[in-house]
Structure formats: structure tokens, C-alpha cells
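Please look through the sequence and the three-dimensional structure shown here before reading on. The paragraphs that follow lead from single residues to sheets, cores and charged pairs.

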Amino acid sequence: MANSDMDESTGGDREIVASLEKGLAVIEAFDGTRPRLTLSEVAKLTGITRAGARRYLRTLTKLNYADFDGRYFSLSPRILRLGYAYLSSASDSARLQPFLERISEQTGESSSAAVLDGDEIVYIARSATRRIMSIGLGVGSRLPAYCTSLGRAILAYQPPAELDAYLDRVRLEPRTPKTITDRTQLRAALDAVRAQGFAMVSEELEFGLRSIAVPLIQKNGKVTIALNISAQVAHASPAEMEERFLPSLKEASEALRYTF
């Protein structure tokens, strides 16, 4: 007789519930570029069978976490409960926010804090003085790590084996013609970040955008958080970014050093 726990597990691991894993994959299939998906699209994106995807989507719809208009599925506002559960239980964002607000007050520019999650950065706190990107950024927004100053400020401080694994698997897709898409060049850029203690990215993520970031060294000596300032290229040259913005970032980083 089959063991139901084993049937529901992943790779024979009785501690992992496969159905929950797949349900979360269905939720993550939706994002800013794919807010509405058909059943077939969800199945293709997640690698789940159409029958399985249908069950997960019907369950999400029944629980009001998703909407269905007869053809397209989309996440409903109720899904925010899942994100709010993290925000309300995590102190990192609350501890970082006053420092970001001080940075923005000192520089007049938007500042952010992000963590590395897989191969992407996730914004966990932000002080926005104005909208400078074509896409709106807020807590929970995700961007590729390789072409962002926040991502590079974190990647540069990862253990060699972890960085090697990242460079082996990541897809370096050009976001603009200036995006570094060569692995050797990216490694060299990360070596430079570690040597100088900060990362600067100019128009690799989006035209007209330049940003500078510093790592936040934690109690265990690791770096999983970074702080940055973003500005329009026309308003700040690389030299001006270093002169005007880097001191405020370093001051906040030093004040927060070893507190996480």
C-alpha cells in the first residue's frame, strides 16, 4: 500500500510537501510582466500538468487568492496577506527604514535596501523621493542581481564556491546594450566591487539610470543585504555619485554594521 506522505513529498523527502511546493510555484508564475495567465501558460511556466495546474488555480480561486474571467487567471488583492505576514513579522525593514530616510534627506535621491533571494534581489525597504524608473519599485519588487548595484554589492561578497555556482547558472540577458553579459567581465566587475567597497551600475538595468550601492556586513561576517542610491544619469556623473552619495551610504552601513 502506497504511503500517502511519500506520495505528497518531493524526491522521497518526507519533510517536503510537493503539493504545497507546486502551489507556490503557481503563485510565483504571476509577476509584473505576466499579471494575467491562461491555464496552459501556467502549466508551461511551472512544468505542472494542465490537470494539476487547473486544480491549483481552482483552489486559489475558491479561496479568493486568484480571480478568473473565463479565460485568464490573475492574483487577487488577498494574495497581499502572504507578503504582509512577512513584513509584519520581520524587523529588518523597520530597522532599515529610518536610515534610508536619512540618506534620502541628505542626498535628495531615492534610496533602497535589498536582499539576495536566489538569483534576484528583493527590495525590503525603500525611501523614494521621486519615480526615476519606468517600472515602479516598492517593497517586494524583484530585479536581476547581475545588472543592479544592490545585486553586485551582495554578490561580490559571496563565498567563492557560491559565486562560481551563480556565474555558472545565471542567464546574463541584456537589459540595455550596456548590460554586462559576459561572465568573465561580470566576475571582473565583482572583483572591483570587493576591492573598492562599493558597486556602481550605469544604464545596465535601464537607460538613464545610475545607482551606487554598499554592502551591509552582518554579525556572522556574511553579506546578504545592501543599501543603494539611484539617480538620473543626467543629474549625477560617476564622480558625483562617489562624492555626493557614497559618504551617506557608508555612514549608514557602518552604523548598521554587525547589527543584523
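**A walk through the predicted model**

Asn 64 counts as partly exposed, since its relative accessibility is 47%. In this model, which is predicted rather than determined by experiment, Asn 64 sits in the loop between helix H4 (50–62) and strand S4 (66–68), and its phi is near 70°, a positive value in a residue other than glycine. Glu 203 also has a positive phi, of about 60°, although it is not a glycine, and its place is in the loop between strand S9 (199–202) and strand S10 (209–216). Glu 203 has a relative accessible area of 13%, under the 20% limit, and is therefore buried.

With these two loop positions in mind, the reader can turn to the whole protein. Its secondary structure comes to 10 helices and 11 strands, and buried residues make up 42% of its 260 residues. Among the contacts with a separation of 6 or more, 54% are between residues 24 or more positions apart. The accessible surface comes to about 14,200 Å², and carbon and sulfur atoms account for 52% of that surface.

One sheet is open and has three strands in the order S3-S5-S4, with antiparallel pairing. Strand S3 (36–37) and S4 stand at its edges with a single partner strand each, so that one side of each has no neighbour in the sheet. Between S3 and strand S5 (residues 73–75) there are two bridges in the antiparallel sense, and Leu 37 stands opposite Phe 73 in S5.

Strand S11 (residues 225–232) has seven of its eight residues buried, so this strand is largely enclosed by the rest of the structure. Six bridges join S11 to strand S6 (residues 110–117), and the two run antiparallel; within this pairing, Ala 113 has Leu 227 of S11 as its bridge partner. S10 is also joined to S11 in the antiparallel sense, by eight bridges, and Pro 215 stands opposite Ala 226 in S11.

Where do nonpolar side chains tend to be found in soluble globular proteins? They tend to be buried together. In this model the largest nonpolar core has 30 residues, of which Ile 121, Tyr 146, Leu 150, Tyr 166, Leu 186 and Leu 190 touch the most other members. At least two residues of this core are supplied by each of strand S7 (120–127), helix H7 (149–155), helix H8 (160–169), helix H9 (183–196) and S10. A second, separate core has 24 residues, and Leu 96, Leu 227, Ala 231 and Ala 252 are included in it. Leu 227, the bridge partner of Ala 113, thus belongs both to the strand pairing and to this second core. On the surface, by contrast, Val 17, Leu 20 and Leu 24 form a nonpolar patch with about 260 Å² of accessible area together. Leu 20 of this patch lies in helix H2 (residues 18–28) and, at 53% relative accessibility, counts as exposed.

The charged side chains add a further set of links, since side chains of opposite charge can pair when their charged atoms come close. The count of salt bridges comes to 11. One of them joins Arg 95 and Asp 92, at 3.7 Å from N to O, and both residues lie in helix H6 (residues 92–107), three residues apart, about one turn of the helix. Arg 95 is partly exposed at 31% relative accessibility, and Asp 92 is partly exposed at 24%. Another salt bridge is formed by Glu 120 and Arg 142, whose closest N and O atoms are 2.7 Å apart. Glu 120 lies in strand S7 and Arg 142 in strand S8 (residues 142–144), so this pair ties together parts that are 22 residues apart in sequence.

Glu 203, the buried loop residue, returns here as the partner of Lys 178 in a salt bridge with closest N and O atoms 2.6 Å apart. This pair links distant parts of the chain, 25 residues apart, with Lys 178 in the loop between H8 and H9 and Glu 203 in the loop between S9 and S10. Lys 178 counts as partly exposed, at 46% relative accessibility. Salt bridges that share partners also join Asp 117, Glu 120 and Arg 142 into one network.

Conventions. Residues are numbered from 1 along each chain as its sequence is written. This is a predicted model: local features need pLDDT of at least 70, side-chain atom pairs count only at pLDDT 80 or more; totals for chains, interfaces and linings use all residues. Side-chain values use heavy atoms; hydrogens and water are left out. Helices (H or I, at least four residues) and strands (E, at least two) are DSSP runs, numbered from the N terminus. Buried means under 20% relative accessible area, exposed over 50%, partly exposed in between (1.4 Å probe, protein chains only). Patches are made of residues with over 30% relative accessible area and no salt bridge: like charges are joined within 9 Å, nonpolar side chains (Val, Leu, Ile, Met, Phe, Trp, Tyr) within 5 Å. Accessible areas come from the Shrake-Rupley method with a 1.4 Å probe; for residues, only the protein chains shown count as cover. A salt bridge is a side-chain nitrogen of Lys or Arg within 4 Å of a carboxyl oxygen of Asp or Glu. Two strands pair if DSSP finds at least two bridges between them. A nonpolar core is a set of buried Ala, Val, Leu, Ile, Met, Phe, Trp, Tyr and Cys residues joined through side-chain atoms within 4.5 Å. Contact means heavy atoms within 4.5 Å.
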